[in-house]
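Thanks for pulling this one up with me. Let's go through it in questions and answers, one element at a time.

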Amino acid sequence: MSIVKSAVLGIGMAVPSKVLTNFDLEKMVETSDKWITERTGIKERRILEDEENISQYAIKASLEALERAKVSPEELNLIICATVTPDYLIPSLSVLVQEGIKAVNAGAFDLSATCSGFIYGLAVADQFIKNNPDWKILVIGAEALSRKTNWKDRTICVLLGDGAGAVVMGSSPEPEKRGIIDVFLGADGSQWTLLTLKGGGSCYPPFDKRLPEEEYYIKMQGREVFKVATRMMEKIALELLKRNSLTTDDIKLLVPHQANLRIIEYLRERLNLPKEKVYVNIHKYGNTSAASIPLALYEAEKEGKLKEGDLVLLVAFGGGFTFGGALLRW
Ligand code: UT7
């Protein structure tokens with residue numbers, strides 16, 4: 001029996017054209033371009049205009065991914081949208097994409113796993129494709145974090161950005177040369193209070209006066225999250241390599257979640273990877289949560305840093321905590 005492996009058949013991305021620079025933020029909160037650059041690596045981020053919605057960008061990214069995969073919307077069996085900032089709670093963002101691209105034969109659901117959402121989405125798609133080799137699945141990471149940002153809180157507003165990335169997954173035409181090799185998913189709810197967005201859920205419905213206004217926005221105890229993120233991302237990377245009898249020398253490109261350049265640098269040093277083997281675009285987009293890895297994959301390929309058959313390691317970490325990794329041949 002031949003092996004079935006799932007693979008990325010096409011990728012797309014779309015970000016709002018509005019740019020918010022560190023200098024713009026200097027006018028909004030007590031911060032500086034120097035602090036943001038040195039502590040995070042971020043120089044600017046993309047932000048939705050008032051009249052825009054993230055579904056528009058998720059649709060745009062999806063159409064590009066479909067075109068590049070040479071797959072028509074009607075051929076899609078499933079749409080998985082990783083997001084914590086959908087347009088609405090009902091309907092899901094994935095359903096808006098289904099309608100927007102006219103994927104009339106696809107099921108659709110949203111997946112909430114914060115910054116690890118895209119990896120979780122890949123893992124789900126991988127399982128479906130192994131069981132149904134003819135299936136084509138759209139996996140999207142899309143976030144409108146600016147809509148859940150407290151623009152008065154300098155500890156968070158300098159970090160976040162908006163954007164959408166999408167991949168079309170299907171069975172690999174050459175499973176020996178291309179496709180997902182292994183995935184790692186994990187979670188640790190014991191420290192959930194370190195990164196939260198409490199307001200607007202069913203515990204504290206919108207406008208519930210029991211909760212202070214600041215709790216209707218994303219809040220993070222950055223220093224504590226930083227410590228766990230660095231430790232976990234290293235652990236996932238090493239675990240995935242070890243259980244597939246690979247070493248860091250085998251990796252062509254590490255594509256980590258873009259939360260902080262210092263986290264990425266720490267990971268690079270611990271894995272003993274040269275700079276050219278670690279993809280970074282945080283300076284342009286900030287932390288876009290579930291969109292971060294597909295945006296990075298897209299740009300890495302565009303810049304010629306990711307070629308067919310290359311061994312790629314993806315690692316993510318986010319609120320919850322959730323974490324995950326994927327090892328694949330592009
Ligand atoms: O994507 C999901 C996972 N997220 C992450 O992995 C993010 C992890 N955390 C981080 O990336 C970092 O912890 C931050 C970038 C959020 C913060 O950097 P830090 O080096 O850990 O700073 P800190 O929180 O320890 O704060 C250091 C100082 C504080 O002042 P004092 O108490 O030393 O006087 C802060 O008040 O920096 C101050 N500060 C700022 N100063 C200027 C905090 N935010 C700002 C700011 N501008 N925007």
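Q: What do the buried residues of α7 pack against?
A: This is a predicted model, where local features need pLDDT of at least 70 and side-chain atom pairs count only at pLDDT 80 or more, while totals for chains, interfaces and linings use all residues. Residues are numbered from 1 along each chain as its sequence is written, and side-chain values use heavy atoms, with hydrogens and water left out. The buried residues of α7 (buried means under 20% relative accessible area with a 1.4 Å probe, protein chains only) include V225, M232 and L240. Their packing partners are β8 (179–187), β10 (219–220), β11, α8 (261–270), β12 and β13 (322–329).

Q: How far apart are the end C-alpha atoms of helix α7?
A: Helices here are DSSP runs of H or I with at least four residues, and strands are E runs of at least two, numbered from the N terminus. The expected span of a helix is 1.5 Å times one less than its number of residues, so the 22 residues of α7 (residues 222–243) should span 32 Å. The model agrees with that, as the end C-alpha atoms are apart by 31 Å.

Q: In which order do the four strands of the open sheet stand?
A: Strands pair if DSSP finds at least two bridges between them, and the pairing in this sheet is mixed. β8 and β11 each have a single partner strand, so they stand at the edges. The order is β8-β13-β12-β11.

Q: Which residue of β12 is the bridge partner of P256?
A: Strand β11 (residues 253–256) and strand β12 (residues 311–318) run parallel, joined by four bridges. Both faces of β11 are covered, with L253 and V255 buried on one side and L254 and P256 on the other. L254 stands opposite L313, and the bridge partner of P256 is V315.

Q: Are α3 and α4 parallel or oblique to each other?
A: Helix α3 (residues 54–69) and helix α4 (residues 93–101) have axes 9 Å apart and pack at an angle of about 55°. Axes are lines fitted to C-alpha atoms over the stretch in contact, with angles from 0 to 180 degrees between N-to-C directions, and contact means heavy atoms within 4.5 Å. Angles under 35 degrees count as roughly parallel, over 145 as roughly antiparallel, 65 to 115 as roughly perpendicular and the rest as oblique. The two helices are therefore oblique.

Terms used. Buried means under 20% relative accessible area, exposed over 50%, partly exposed in between (1.4 Å probe, protein chains only).
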